[in-house]
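Biologist: I would like a close look at a single part of this protein, with enough of the surroundings to place it. Please keep the answer plain, since I am new to reading structures.

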Amino acid sequence: ADDLRDWIDRAKTMFAPARVIVTGNPAEFRFPSGAIIRTGHLKDDSAFEKYQGHEYQRIVIEELTQIANEESYLKLLSSCRSTIPELRPQAFLTTNPGGIGHKWVKHRFIDNTRAGEVYSDPITKRTRVFIPAKIEDNPFIMQNDPQYVTFLDGLPTGLREAWRNGSWESFEIQGAYFTKEIQQARLENRITTVPYESTKEVITVWDLGMDDYMVIGFFQIIGKEVRMIDFLQDHGYGLSEYVRRMREKPYVYSQHWLPHDVEVRELGTGVSRKETLESLNIEVNVIPKLDIDDGINAVRILFPKLWIDRVKCDQFMDAISQYRQAWDDKGGVFKPKPVHDWTSHAADMLRGLAVAYQSIAGGFND
């Protein structure tokens with residue numbers, strides 16, 4: 001929002017000779033030709049959907065990696081279209097490496113192409129190109145702000161490579177809860193191919209999120225190892241659909257664990273989700289309620305036992321690697337609570353596994 005206000009102030013001066021009329025908040029610039037520039041701040045989830053059905057021949061997004069996931073970006077991109085043959089729709093995106101959306105931006109724009117080469121999507125036929133830039137590519141800053149260049153040179157390792165040199169290699173998300181645990185799992189090659197053992201039963205752990213968001217983790221406990229073999233995430237469907245998808249998988253199940261609020265009765269029907277699942281022949285085990293901090297500590301204790309399938313559980317890894325503490329802008333410190341966003345559902349499911357683990361496998365005894 002601060003960046004947007006700064007841009008609007010400079011744009012008013014820049015467009016003044018064109019007799020532009022500026023109205024509204026956020027500002028809208030109307031040109032005598034009929035052209036319009038609309039501005040907006042992506043302040044919450046609803047901001048990504050409010051442009052659906054609109055037609056914008058040009059879209060500019062500043063700091064792309066501040067968008068948490070590719071789905072939100074595609075909602076914006078759906079409005080980048082044109083019914084005027086002379087105006088080809090284009091999106092211009094700027095960003096630094098890092099930020100909550102670092103991984104999906106890197107995957108979409110960098111991993112599968114060479115810098116400067118045009119990539120054509122085989123399904124949509126739309127093209128995209130990644131144009132890397134370093135501080136040396138900005139002659140204005142190089143000539144007029146040498147102190148900023150010196151500042152970039154003095155940044156700590158990791159941030160310096162990203163901001164000074166434009167590196168898109170692994171980037172640590174500040175305030176993430178499980179960074180050390182995930183790094184250790186990678187060093188020990190526990191994020192790998194984890195096959196289903198047909199002689200062992202599968203345990204599921206669910207999280208019933210807000211806005212009908214659902215995640216289900218599929219686990220096998222073999223010896224000292226807790227193996228995560230699969231992951232299901234979706235929203236907008238009823239419980240019967242998730243039960244159907246679960247039963248389509250080639251697993252033999254033994255236990256299904258759900259959070260304590262599964263027993264709460266729905267206001268509209270007077271029926272709890274536990275009762276609904278039991279009517280579908282799912283025997284529900286209820287995860288004890290535990291303080292969030294205690295649950296996070298339980299996850300950290302469990303993590304050395306955890307093996308995760310890197311392909312089937314890719315969405316899960318995206319979420320828990322970005323599950324992080326909220327930031328207090330005024331105080332300049334992290335708040336003692338997590339951000340509640342799309343990463344919360346997978347993290348809550350994992351916390352549920354850790355809390356219920358004593359009941360599932362007899363505790364943490366080696």
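Where is the place of E63?

Modeller: E63 sits in the loop that connects β4 (58-62) to α2 (70-77). Before going into detail, note that this is a predicted model. The mean pLDDT of the protein is 87, and 94% of its residues reach 70 or more. Confidence is highest in strand β14 (residues 306-309), at 97, and lowest in helix α6 (residues 159-163), where the mean is 76. Where pLDDT is low, the predicted coordinates should not be read in detail.

The backbone at E63 deserves attention. Its phi is near 60°, a positive value in a residue that is not glycine. Most residues other than glycine have a negative phi, and most peptide bonds are trans. E63 has a relative accessible area of 23%, so it counts as partly exposed, since buried would require under 20%.

Two other loops can be set beside this one. K125 also has a positive phi, of about 70°, although it is not a glycine. Its loop runs between β6 (119-120) and β7 (127-128). K125 is exposed, with a relative accessible area of 59%. The other loop, between β1 (21-23) and β2 (28-30), holds P26. There the peptide bond from N25 to P26 is cis, with omega near 5°.

A further loop residue, V262, lies between β12 and α9. V262 is buried, because its relative accessibility is 0%. Leaving aside residues up to four places away in sequence, V262 touches L208, S272, R273, K274, L277, V284 and V286. One of these contacts can be described by distance: V262 and L277 are 15 residues apart in sequence, and their C-alpha atoms are 9.5 Å apart in space.

These loops belong to a protein with twelve helices and 16 strands. Its C-alpha trace spans about 75 × 50 × 45 Å along the principal axes. Of the 366 residues, 40% are buried. Among contacts with a separation of 6 or more, 60% are between residues 24 or more positions apart.

Seven of the strands make up an open sheet with mixed pairing, in the order β8-β14-β11-β10-β9-β12-β13. β8 (191-192) and β13 (284-286) are the edge strands, each with a single partner, so one side of each has no neighbour in the sheet. The partner of β8 is β14; the two run parallel and are joined by two bridges. In that pairing, I191 stands opposite I308, and T192 has D309 as its bridge partner. β14 also runs parallel to β11, and three bridges join them. Here R227 stands opposite W307 of β14.

Helix α8 (residues 239-248) packs against several of these strands. Its buried residues are L239, E241, Y242, V243, R245 and M246. They pack against β9 (202-208), β10 (213-222), β11 (225-235) and β12 (253-258), and also against helix α9 (273-279). An α-helix has 3.6 residues a turn, so residues three or four places apart point the same way.

The last item is empty space inside the model. A search of the whole structure finds one cavity of 30 Å³ or more, with a volume of about 30 Å³. Its lining consists of R108, F109, T113, E117, Y119, R128, V129 and F130. By type, four of the lining residues are nonpolar, one is polar and three are charged.

To return to the part you asked about: E63 is a loop residue between β4 and α2, with a positive phi and a partly exposed position.

Note on methods
Residues are numbered from 1 along each chain as its sequence is written. This is a predicted model: local features need pLDDT of at least 70, side-chain atom pairs count only at pLDDT 80 or more; totals for chains, interfaces and linings use all residues. Side-chain values use heavy atoms; hydrogens and water are left out. pLDDT is the predictor's confidence in each residue, from 0 to 100. Helices (H or I, at least four residues) and strands (E, at least two) are DSSP runs, numbered from the N terminus. Buried means under 20% relative accessible area, exposed over 50%, partly exposed in between (1.4 Å probe, protein chains only). Contact means heavy atoms within 4.5 Å. Two strands pair if DSSP finds at least two bridges between them. On a 1 Å grid over the protein atoms alone, a cavity is a set of points where a 1.4 Å probe fits but cannot get out, and a pocket is an open set with protein on both sides within 12 Å along at least five of seven lines; lining residues have an atom within 4 Å of a point. Grid points are joined across faces, edges and corners, and a volume is the space filled by probe spheres set on the points. Ala, Val, Leu, Ile, Met, Phe, Trp, Tyr, Cys and Pro count as nonpolar, Asp, Glu, Lys and Arg as charged, and the others, Gly among them, as polar.
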